[in-house]
Amino acid sequence: MSNGPAIVTRGLTKYYGQVRALEDLNLEIAQGEIFGFLGPNGAGKTTTMRTILDLIRPTSGTATIMGLDSHEDAVEIRQHIGYVPGDLAMYPRLTGRELLTYFANLRGGVDWSVVDDFASRLDSDLSRKIGNLSSGNRQKVGLIQAFMNKPDILILDEPSSGLDPLVQQEFQAMLRELAAEGRTVFLSSHTLSEVERVADRVAIIREGRLAVVDTMESLKEKAIRKVTLHFAGPISESVLAGVPGVKSVSVKGTAATVSFEGAMSSLLRAATDHDVINLTSSEADLEEIFLAYYRGPGMSEVVG
Amino acid sequence: MLATIYSKTVKERIFGLLISVVSVSAMVALAVWVYSDLDQVIAEFAASFPEAYLSAMGISVDGTGTSIVLGEMLNLIAPMVLGGLAISIGTSAIAGEERDNTIGLLLSNPKSRTTVLLAKMRAMVAVVAVGSLLIWLGAAASVALVGSNTIGLSIGAMSVHVFAISLFFGSLALFIGSWTGNSGAASGASAGLLIFSFLAAGFLPLIQGWENVAKVFPWYYFNSSQPLQNGLKPGHLAVLGGVSALLIGGAVVGVNRRDLRSGGVEGNLLDRLLRNHPRVAAYAEKITGKAQVANIAIKTLSDHQGGGTIAAAAIFYTALIMGPFFNALKGVLSDLMSVMPEGLLAIVGSVDMSTPAGWFHGELFSMVVPGAIGAITIMMGARALAGEERTQTMDLLLVNPIKRSRVVVEKSVAILGMAFLLGFATFAGTAAGSLLGGLDISMLNIAGASGQAFAFGFFLGAMALLGGAMTGNAKAAAYVGIGVGLVGFVIASYFPVSANLAEWARVSPFYYYAQNQPLSNGISWTNLGVLLAAGVLAVAASVLFFDRRDIRN
């Protein structure tokens, strides 16, 4: 195991026949990082994760985990991996404890005090048959099986689906604790608030191609904010429309609402030439950022 | 909506229907071709057969080679295959939708449970009807091409009876599935009754005083009137049709009376009928056992403990009663064998049924034992890899630090273990039956025959495993195992009859299973070795295929 990046993909490409699932994906995830992986349905998130895990084989390109090749060194890699699949299915006739015992045996044993601790934190009843559990309670067992061997890298595909808000909070706390111990989390989720809360960096993938990789702070800085300026009297749109960074302006009476990107000094200079009474600015909404990438007309225009 | 449910159900079954029809038609064509040369030989001697035997075999009193083979194919293979298809459709109709967790979605549409059930029932009737029609056409075309003598044979009437019995078993599966929501119970009980009623309706008329008991079994109304020779029997068709209608009516009541299940765990028949009942729960637990998860092989064996226990018990008790049965039928069998010429004996497997070893070979080891062991090992093989992909548990299994080859090998060890246990049940039952009847079959020979049965079961399971490793499709995997078994059965049964084809019988696994008649002649280590080696080769090929492909999700 190397001290380099936890996960690296180079030119990772996957086609199912003529259908493109992934195209030339280049990612680098550092050790100890919580890395959010976002994208609309069918964007290629699950394909990426299953390729990294050697469950499916890339058409071209490579993936390495802790410096080990995802295919050649698959067995060694899995000693250090915890995984929750997106469409979690388990053996319905086993109890939660039997299922965990089965996987623990395949791993050569686990520390059961760790299992019991996670079960207690997630309020999971391991004595019941999995088939008799609700989807949320099944998900808890799935999370415990991923966490129970204290993996160096957690690969989680929609891990919080079906969990109630209290359990989601506990799960996020568990993620942060793992990261604090230097472990890595590769997290795919549609719960954007969850990603915003826990992720250090995020990647957005669309139609199999990487759209952007950045830190949360940087994304917010680059995001388009809405600024509302209240003037003493009526004002023309043309006053603000030409200011660098302004994307759009709408005026209603004495109030002008501006979609704005970048540093605000130029906007403030233009506004204060007139009689500004009040100014309100909302922080960039991460959801809006993501949605812009999801539905944007073309990657280049959005990434800009 | 109604048309959509109907057409969707039909569409889902077209592949299975085509496989079934083509398989049966191919077997009929092959067998008719082989037998056509022997028409004259058989015709000379058939008239001297005991009537009870002819009745059980569905052979015309004007027997020709063609009538014998058509009797065997249309009396046995066709209803087994089409009945199996109908059971599959009947099971999937309600219980299958519950198992797959799709019933809620389906019933969220503005249609009643009754409407949905009847649409699926109509699809089942249509598929089985088309299947029967195609088998009719296939059989008629085979006979016409070979130019055999079909005077006195009514293939069309036989096909109508095949339709009626298949519909009956499909309706039974629909009924059980609708009342229990348990697809395992629906398919298991229906398939079990199909096989049991076939055996009962064939055997009981041979025993004095028991002739009328056969009338409680549906199979009696299928072929006791010999429709291939005597044409349609409206009364019998009415019984099958009437009971089918009652079952469908009962299914409508059942599906409307209970809470529908939404996926999750599906207990097996034991769970539903026994385990949930306080008085017998402890016994049911003992049969199915606590889940064992020490490793992949043990978990796989544990997963099939219920089915394996039932199959072992069925083999044991069937073997057990064969001893007393032989004593009851000894006279009839001696008469039969004394009039059979050597050439004809070859057609029925060259066994002398008037000897204890021949009787056990012909009645137990020829079909019941390989069928029961094969059914379990093929199911295990199909579920081993492709089944885990279908249920989407393979991803979780493979992210553990184990090689894919280990998964394949451990699963194959489980199949080997199950085949061994069922082979042991065969030995124990046959030995006990022989002792109970005071017969003098060599214990060593019984062990040899059981050993060859074990190797045969392992081979079929390994073939299903290979099918799953190649395709990731559990149904395709099962078709591979069943196909190898059925085609092997036909080849081993009919090729030896023709001088030109006799040597080719060696391509069949059945040849290595039974050709040496181990109950009479002792084990053939060569045959046992060939089956085990072929099974190991199939496992090795499975490792190669499974290691190279994407896991289905």
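This report walks through the contact between chain A and chain B, and then through two sheets of chain A, in a predicted model.

## How the two chains meet

Let's start with the interface. Chain A brings 33 residues to the contact, and chain B brings 35 residues. The size of an interface is often given as the accessible area lost when the parts come together. Here chains A and B bury about 3,100 Å² between them, with 55% of that area on carbon and sulfur atoms. If you would like residues to look at on the chain A side, try Leu55(A), Tyr102(A) and Leu106(A): these lose the most area to chain B, and together they make up 20% of what that side buries.

Polar and charged partners take part as well. Between chain A and chain B there are 15 residue pairs in polar contact, counting pairs with both residues at pLDDT 80 or more. Two salt bridges cross the interface. One of them links Lys14(A) with Asp550(B), where the closest N and O atoms lie 2.5 Å apart.

## What chain A offers to chain B

Which elements of chain A give two or more residues to the side that touches chain B? They are the strand β1 (7–16) and the helices α1 (45–52), α2 (74–78) and α3 (96–106). Of the elements of chain A, α3(A) gives the most to this side, with six residues. Sorted by character, the residues on the side of chain A that touches chain B comprise 16 nonpolar, seven polar and ten charged.

## The sheet that holds β1(A)

Strand β1(A), met above at the interface, also belongs to an open sheet of four strands in chain A. Reading across, the order is β2-β1-β4-β5, and the pairing is antiparallel. The edges are formed by β2 (19–29) and β5 (68–69) of chain A, each of which pairs on one side only.

Within this sheet, β1(A) is joined by five bridges to β4 (residues 60–65) of chain A, and these two strands run antiparallel. To find your way along the pair, look for Val8(A), which stands opposite Thr64(A) in β4(A). Helix α1(A) packs on the sheet and touches β1, β2 and β4 of chain A. The direction of α1(A) makes about 115° with that of β1(A).

## A second four-stranded sheet

Further along chain A, another open sheet has four strands, in the order β12-β13-β11-β14, again with antiparallel pairing. Its edge strands are β12 (246–252) and β14 of chain A, each pairing on one side only. From one strand to the next, the twist averages 15°.

Strand β11 (residues 225–231) of chain A has a partner on either side in that order. Six bridges join β11(A) to β13 (residues 255–260) of chain A, and six bridges join β11(A) to β14 (residues 276–282) of chain A. Where can you see both pairings at one residue? Val227(A) is a handy place: this valine stands opposite Val258(A) in β13(A), and its bridge partner in β14(A) is Ser281(A). At the neighbouring position, Lys226(A) has Ser259(A) in β13(A) as its bridge partner.

A helix accompanies this sheet too. Helix α10 (residues 265–272) of chain A lies across β11, β12, β13 and β14 of chain A, and runs at about 15° to β11(A).

Note on methods
Residues numbered from 1 in each chain as written. Chains lettered and ligands numbered in written order. Predicted model: local features only at pLDDT ≥ 70, side-chain atom pairs only at ≥ 80, totals over all residues. Heavy atoms only, no water. Contact = heavy atoms within 4.5 Å. Buried area = accessible area lost by both parts, 1.4 Å probe. Salt bridge = Lys/Arg side-chain N within 4 Å of Asp/Glu carboxyl O. Polar contact = N/O pair within 3.5 Å; in protein donor to acceptor, adjacent residues only side chain to side chain. Nonpolar A, V, L, I, M, F, W, Y, C, P; charged D, E, K, R; others polar. Pairing = 2+ DSSP bridges. Axes fitted to C-alpha atoms, helices over the stretch in contact; angles between N-to-C directions.
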